[in-house]
Amino acid sequence: MGLLFVQVLPRSDGDLGSSSAVFRCQRCRLDAASTGDLRSREFYGRIDRAYLFDRVVNITLGPIEERNFTTGRHTVNDIYCICCQEMLGWRYFSQVNLYRMMCLQVKAYVESQKHKEGKFILERTLMCKEAP
């Protein structure tokens, strides 16, 4: 078994006096995302409420698959904690990246949903929030 390299998120935004909370895996408490990368709290996951993030850390990606959501059909990867392998949410896959990686025909999706591409959804019930 090899070494596990993890990224510890800073507990501040870089500004003097400002700080940000960190979302961690509920099971093993490994850092996953910072509130500085939080884009929206208005999402629902498989279980309950979910958050949309620009960037997450300490994850592995599952296979690329297409799923039907209430907002339409999306290409996604499930994301898992690198420490405990708990499923934390999913990543909306960019169609441009999908085309480059797999040489597939680019499919048209609803234009109003393009802002999700490349973003990550973390299920709120699978995360714990550590205050600064």
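**Tour of salt bridges and ring pairs**

Select aspartate 48 and arginine 124: their side chains meet in a salt bridge, 3.8 Å from N to O. This is a predicted model. Aspartate 48 lies in the loop between strand 3 and strand 4, and arginine 124 in the loop between strand 8 (120-123) and strand 9 (127-130), 76 residues apart. Aspartate 48 is partly exposed at 29% relative accessible area, and arginine 124 is partly exposed at 36%.

Next, show Arg46, Glu65, Arg67 and Asp78, which are joined into one network by salt bridges that share partners. The whole structure holds twelve salt bridges.

Move to arginine 27 and glutamate 86, a salt bridge with its closest N and O atoms 3.3 Å apart. Arginine 27 sits in the loop between strand 1 and strand 2 (31-34) and glutamate 86 in the loop between strand 6 (72-81) and strand 7 (87-92), so the bridge ties together parts 59 residues apart in sequence. Arginine 27 is exposed at 57% relative accessibility; glutamate 86, at 24%, is partly exposed.

Now the aromatic rings, with six pairs in the count. Select phenylalanine 23 and tyrosine 51: the ring centres are 5.2 Å apart and the planes at 55°, so this pair is tilted. Phenylalanine 23 belongs to strand 1 (residues 22-25) and tyrosine 51 to strand 4 (residues 49-53). Phenylalanine 23 is buried at 2% relative accessibility, and tyrosine 51 is buried at 10%. Add Phe53, which ring pairs link with Phe23 and Tyr51 into a cluster. Then add arginine 41, whose charged end sits over the ring of tyrosine 51, 5.4 Å from the ring centre.

Methods. Residues numbered from 1 in each chain as written. Predicted model: local features only at pLDDT ≥ 70, side-chain atom pairs only at ≥ 80, totals over all residues. Heavy atoms only, no water. Phe/Tyr/Trp six-rings, centres within 6.5 Å; stacked < 30°, edge-to-face > 60°. Helix = DSSP H or I, 4+ residues; strand = E, 2+ residues; numbered from the N terminus. Buried < 20%, exposed > 50% of the residue type's maximum accessible area, 1.4 Å probe, protein only. Lys NZ or Arg CZ within 6 Å of the ring centre and 35° of its normal. Salt bridge = Lys/Arg side-chain N within 4 Å of Asp/Glu carboxyl O.
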